[in-house]
Amino acid sequence: MTAETMVGFGRKQAWLAIRGGDPGAIVDALGLRDLGPAPWREGVDLAHLTDDRLVVPPPLPGARDNAWILVAGRRLFTIPSTVEAVALSVALATEVQFFATHRVGEQHRWVRAVDGVLVRAFDFVGEIGKVTEWRGDPDDAERSLGIPETAPDGDDLLVGEDDVARLAGRWSVDPTALDGRPAPGSLHVAAAPD
């Protein structure tokens with residue numbers, strides 16, 4: 001039997017990255033129902049194509065020598081991410097990040113909360129060429145992507161889905177880079193509440 005390999009995600013997707021912790025506690029804190037393990041390909045496809053299923057990979061090694069638990073699915077596009085990241089950070093007493101990217105409308109978003117404090121929130125809608133949310137100061141990782149020190153006034157900024165993935169890699173885990181790597185454990189599928 002061949003060991004399962006991971007399947008990357010991130011394009012046209014939304015996900016949370018939670019530092020450390022127990023995947024079961026995260027599922028509970030989000031009010032999800034664990035439906036059990038699934039093969040990586042089928043689980044990632046299900047989270048991408050449905051509005052009520054999310055996937056929870058096992059803890060993954062990532063930035064700052066921390067383990068990160070990811071939760072991914074289209075359902076996360078519908079949650080007010082700034083509030084959710086801060087509230088989840090309080091509930092779990094850890095760092096919570098939210099990322100979303102959708103190239104059709106060129107919407108790219110990230111949020112970072114640490115121990116219940118909003119550190120950064122950024123939302124860019126390329127279709128209209130506007131930054132629609134800017135809270136906190138960009139860090140070195142963001143500036144390396146070309147994000148300026150202060151919110152731009154005009155349409156001088158260009159952000160794409162690769163930028164979101166690169167930032168995720170600097171802050172936690174780049175889920176687009178998971179493809180083909182050996183899976184450290186089972187991927188779980190969870191059902192969102194009605």
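**Reading salt bridges and nonpolar cores**

Trainee: Which side chain meets that of D123 in a salt bridge, and how is such a contact recognised?

Mentor: A salt bridge here is a side-chain nitrogen of Lys or Arg within 4 Å of a carboxyl oxygen of Asp or Glu. The side chain of D123 meets that of R109 in this way, at 3.6 Å from N to O. D123 belongs to strand β8 and R109 to strand β7 (residues 107-114), so that the pair links distant parts of the chain, 14 residues apart. Helices (H or I, at least four residues) and strands (E, at least two) are DSSP runs, numbered from the N terminus.

Trainee: On what kind of model does this reading rest?

Mentor: This is a predicted model, in which local features need pLDDT of at least 70, side-chain atom pairs count only at pLDDT 80 or more, and totals for chains, interfaces and linings use all residues. Residues are numbered from 1 along each chain as its sequence is written, and side-chain values use heavy atoms, with hydrogens and water left out.

Trainee: Are D123 and R109 buried or exposed?

Mentor: Buried means under 20% relative accessible area, exposed over 50%, and partly exposed in between (1.4 Å probe, protein chains only). D123 is buried at 8%, and R109 is buried at 11%.

Trainee: How many salt bridges are there by this rule, and which residues are linked with E95 in a network?

Mentor: The count comes to 15. The network joins R19, R64, E95, R112 and D139. Within it, R19 pairs with E95, their closest N and O atoms being 3.8 Å apart. This pair links strand β1, which holds R19, to strand β6 (residues 95-102), which holds E95, across 76 residues. E95 also forms a salt bridge with R64, at 3.1 Å from N to O. R64 lies in the loop between β4 (60-61) and β5, 31 residues from E95. As for accessibility, E95 is buried at 2%, whereas R19 is partly exposed at 25% and R64 is partly exposed at 44%.

Trainee: Which residues touch the most other members of the largest nonpolar core?

Mentor: A nonpolar core is a set of buried Ala, Val, Leu, Ile, Met, Phe, Trp, Tyr and Cys residues joined through side-chain atoms within 4.5 Å. The largest has 32 residues, and W15, F99, W110, F122 and I147 touch the most other members. Elements that each supply at least two of its residues include β1 (13-19), α2 (40-49), β8 (117-125) and α5 (161-171). The largest share, four residues, comes from α5. A second, separate core of 23 residues includes I18, V71, V86 and A190.
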